[in-house]
Amino acid sequence: MASGSRAASTRMIVSSMLDSAPPARFLLDRSRLRRWRRRVVAMSAEKASEGAADRILRRLGLAIGIAGVIAAIVELPEIVAQSRFVPLGWTVLEVVLAFGLFPVLAVVSVVTSRRAIQCVAGAAAVSFVAAMAVVPLAYPDPDAEGASVWLYRVLALGVLAAVLAWRPPVAVTYLVIGAALGAFANLVVVRETTVLSLLGDFARAAGLCALFLWCVVYARAAADRVDRESAIESSRAAAVAGAAARDRERARFAALIHDAVLSTLLDASRAGTESPVLRRQAERTVEQLDECRGGEIEPDRLDAQSAIGFLRSAVHEVNLGIRFTARRWAGFDDLHLPVDAASTIAAAMAEAARNSLRHATVAGREVRRTVTVTISAGGIRIVFRDDGAGFDLSAVPADRLGISVSILGRMRRLAGGAGFVESQPDEGTIVTLVWGGNG
């Protein structure tokens with residue numbers, strides 16, 4: 001009987017364990033799902049913190065990439081019809097060169113950075129011109145039935161990719177070269193071509209593509225204006241917050257002096273003898289002065305948007321060519337940065353930028369300088385990076401105060417702050433400043 005009970009109990013325990021323990025595969029799938037979800041949330045938060053210029057670049061890249069795929073499908077019947085006069089290998093090469101990078105552009109516009117989008121767009125524009133340059137080699141004889149080569153009709157794709165990748169003057173040059181190549185391709189492909197029709201082909205291609213180019217340039221310029229105005233407004237908000245904090249502290253200190261210090265001194269002059277009430281009043285006044293000096297009463301603080309605007313203004317006051325990027329994590333960007341701490345961080349960051357401009361220059365190439373501000377978990381992290389000359393930290397003389405005092409010393413004296421400098425000769429320099437939760 002006892003043996004049977006133990007066996008039943010054992011069966012019950014084993015069965016219960018099997019019922020309650022989830023399979024390892026299920027746990028692994030859930031772990032992967034959580035990691036994937038965190039990655040998606042982080043990517044969405046990073047995109048949400050982008051400026052208007054980056055967002056419009058990303059959307060234009062996606063639209064142009066999809067337009068390239070659609071154009072390839074729409075032109076497919078004409079491509080097949082004209083391929084009768086061309087060896088199959090040449091046709092495949094033209095199609096790949098003309099349309100091959102546009103699906104890639106659509107993908108990178110969703111998942112990668114601004115620099116990657118512009119690099120792929122530039123490659124797509126160059127590849128499209130290469131496809132047009134192949135036409136004279138691919139068509140040994142003119143097409144008696146054709147009206148124009150199919151590449152001529154989709155020249156706008158190459159121009160759109162060019163204006164996405166390069167500055168307007170370069171894109172305009174590309175437009176002129178592309179329109180000329182398109183007209184020349186028609187001269188090679190179409191049997192009966194006159195000088196007048198050649199000029200007409202050039203004018204039609206250039207005029208249509210100029211319209212697309214103007215629209216994209218105008219959209220990007222408008223986005224840049226939005227970013228500039230946003231930076232100006234954030235800077236103004238930070239300045240107003242700083243002024244309000246100073247006024248508040250000045251008024252609080254004046255009230256403390258009048259209500260506590262002067263009252264205590266006046267009572268002491270009148271009393272003439274020791275008084276327990278006067279002693280308690282004097283002790284309380286000393287405590288209030290200590291609180292005021294120690295900053296226990298919370299001053300006005302900057303939120304995430306105001307702090308970003310404040311730091312962006314400090315960077316661009318040093319040099320407008322330094323690229324500024326801000327990242328905020330949704331749900332974790334509840335920053336409350338004291339104005340005096342923001343001023344200390346901005347001063348240290350500006351000194352790092354000035355040091356780079358003085359000492360990081362490399363002959364024969366442009367040095368790239370970037371500032372990345374990340375706000376999360378109630379803290380802030382600023383990374384200044386350049387790819388310039390770099391230096392050996394151990395070889396910096398003790399009397400050089402730019403790093404030890406103006407950067408690291410400032411952050412060391414700031415409550416909750418810290419600073420780090422990394423550099424190697426010929427490998428650039430990274431200066432990292434942290435405060436609060438990230439510290």
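**Close-up 1. The hairpin of strand 6 and strand 7 places D426 at a positive phi near 65 degrees.** Five residues lie between the two strands of this hairpin. The view, like those that follow, is taken from a predicted model. Strand 6 and strand 7 run antiparallel and are joined by seven bridges. One pairing in this ladder sets A418 against V434, its bridge partner in strand 7.

**Close-up 2. T429 of strand 7 and its surroundings.** T429 has a relative accessibility of 9% and therefore counts as buried, the limit being under 20%. A polar contact of 3.0 Å links the side chain of T429 to the side chain of S423. Beyond neighbours within four places in sequence, the residues in contact with T429 are F384, R385, D386, G390, F391, V421, E422 and S423.

**Close-up 3. The open sheet of five strands, in the order 2-4-5-7-6.** The pairing within this sheet is mixed. Strand 2 (323–328) and strand 6 (417–423) form the edges; each has a single partner strand, so one side of each is left without a neighbour in the sheet. On average, neighbouring strands are turned by 10 degrees against each other, direction ignored.

**Close-up 4. Strand 2 paired with strand 4 in the parallel sense.** Strand 4 comprises residues 369–376, and six bridges connect strand 4 to strand 2. Among the residues involved, T325 has T372 of strand 4 as its bridge partner.

**Close-up 5. Helix 12 and helix 13 against the strands.** Helix 12, residues 304–318, lies across strand 2, strand 4 and strand 5 (379–386). The angle between helix 12 and strand 2 is about 165 degrees. Helix 13, residues 339–359, packs on the sheet and touches strand 4, strand 5 and strand 7 (429–435). The direction of helix 13 makes about 10 degrees with that of strand 5.

**Close-up 6. Packing of helix 6 (residues 114–138) with helix 8 (residues 155–165).** The two helices pack at an angle of about 145 degrees, and their axes are 8 Å apart. Helix 6 passes helix 8 in a left-handed crossing. On helix 6 the contact is made by I117, Q118, A121, G122, A124, A125, F128 and M132. Helix 8 contributes L155, G158, A161, A162, L164 and A165. Of the residues in this contact, eleven are nonpolar, three are polar and none is charged.

Key
Residues numbered from 1 in each chain as written. Predicted model: local features only at pLDDT ≥ 70, side-chain atom pairs only at ≥ 80, totals over all residues. Heavy atoms only, no water. Axes fitted to C-alpha atoms, helices over the stretch in contact; angles between N-to-C directions. Helix = DSSP H or I, 4+ residues; strand = E, 2+ residues; numbered from the N terminus. Left-handed = near helix turned anticlockwise from the far one by under 90°. Contact = heavy atoms within 4.5 Å. Nonpolar A, V, L, I, M, F, W, Y, C, P; charged D, E, K, R; others polar. Pairing = 2+ DSSP bridges. Buried < 20%, exposed > 50% of the residue type's maximum accessible area, 1.4 Å probe, protein only. Polar contact = N/O pair within 3.5 Å; in protein donor to acceptor, adjacent residues only side chain to side chain.
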